[in-house]
Amino acid sequence: APTSPEQMQRISAEELLTLINGRADIVIVDNNPNSAYDMGHIPGAVNVPWAVEIESPTNLPVDKLLILYCPCAHEEDASDVAMQLVEKYDYDRIMLLEGGSLRWQELEYPMEKGE
């Protein structure tokens with residue numbers, strides 16, 4: 001398991017779109033506040049807002065690949081949440097979306113609103 005945010009594996013928006021279109025068995029995790037998540041997120045993403053101390057993520061399966069993203073230029077919030085998942089909750093299959101939701105929207109990839 002990674003011991004620092006720099007060691008986190010990254011996935012490009014293009015690779016993620018391919019996984020989504022191929023119906024890969026992954027969980028996409030949006031680290032935006034609830035209000036931002038409701039305004040728009042990657043289709044199928046679950047919302048686990050960034051927090052200094054995240055609560056136990058009962059909606060995230062430990063046995064699936066999690067792909068985390070935030071609206072940050074360098075995945076700061078997503079990497080922080082990822083490190084908490086690794087260190088406190090024993091998750092080990094985590095990747096960060098390179099460029100986050102900013103890159104996703106820049107490429108005009110699909111977004112959905114609400115829950």
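Where does P110 lie relative to α4 (100-106)? In this predicted model, P110 sits in the segment that comes after that helix. At a relative accessible area of 42%, P110 counts as partly exposed, because that class covers values between the 20% limit for buried residues and the 50% limit for exposed ones. Setting aside residues up to four places away in sequence, P110 touches L17, I42, P43 and W104. A glance back along the chain gives a sense of the path taken here: G99 and P110 are 11 residues apart in sequence, and their C-alpha atoms are 16 Å apart in space.

One of the residues touched by P110, W104, offers a pleasant contrast in accessibility. W104 has a relative accessible area of 0% and is therefore buried. W104 also takes part in an aromatic pair, with Y109 as its partner. Such a pair of rings is described by the distance of the centres and the angle of the planes. For W104 and Y109, the centres are 4.9 Å apart and the planes meet at 80°, an edge-to-face arrangement. The count of aromatic pairs in the model comes to 1.

Turning to the strands, the model contains an open sheet of 5 strands, paired in parallel and ordered β1-β5-β4-β2-β3. The edges of this sheet are taken by β1 (9-11) and β3 (46-47); each has a single partner strand, so one side of each is left without a neighbour in the sheet. For β1, a parallel partner is β5 (residues 94-97), and 3 bridges join the two strands. Within this part of the sheet, I11 stands opposite L97 of β5.

At the other edge, β3 brings N47 into view, since N47 has its place in that strand. Is N47 buried or exposed? With a relative accessible area of 16%, N47 is buried, because this value falls under the 20% limit. The side chain of N47 makes polar approaches to backbone oxygens of two residues: that of D30 is reached at 3.1 Å, while that of N32 lies 2.9 Å from a polar side-chain atom of N47. Both D30 and N32 also appear among the contacts of N47, which, with neighbours within four places in sequence left aside, further include P33, N34, Y37 and N59. N47 thus joins a place in an edge strand to a buried setting and side-chain approaches to the backbone of D30 and of N32.

How values were computed:
Residues numbered from 1 in each chain as written. Predicted model: local features only at pLDDT ≥ 70, side-chain atom pairs only at ≥ 80, totals over all residues. Heavy atoms only, no water. Helix = DSSP H or I, 4+ residues; strand = E, 2+ residues; numbered from the N terminus. Buried < 20%, exposed > 50% of the residue type's maximum accessible area, 1.4 Å probe, protein only. Contact = heavy atoms within 4.5 Å. Pairing = 2+ DSSP bridges. Phe/Tyr/Trp six-rings, centres within 6.5 Å; stacked < 30°, edge-to-face > 60°. Polar contact = N/O pair within 3.5 Å; in protein donor to acceptor, adjacent residues only side chain to side chain.
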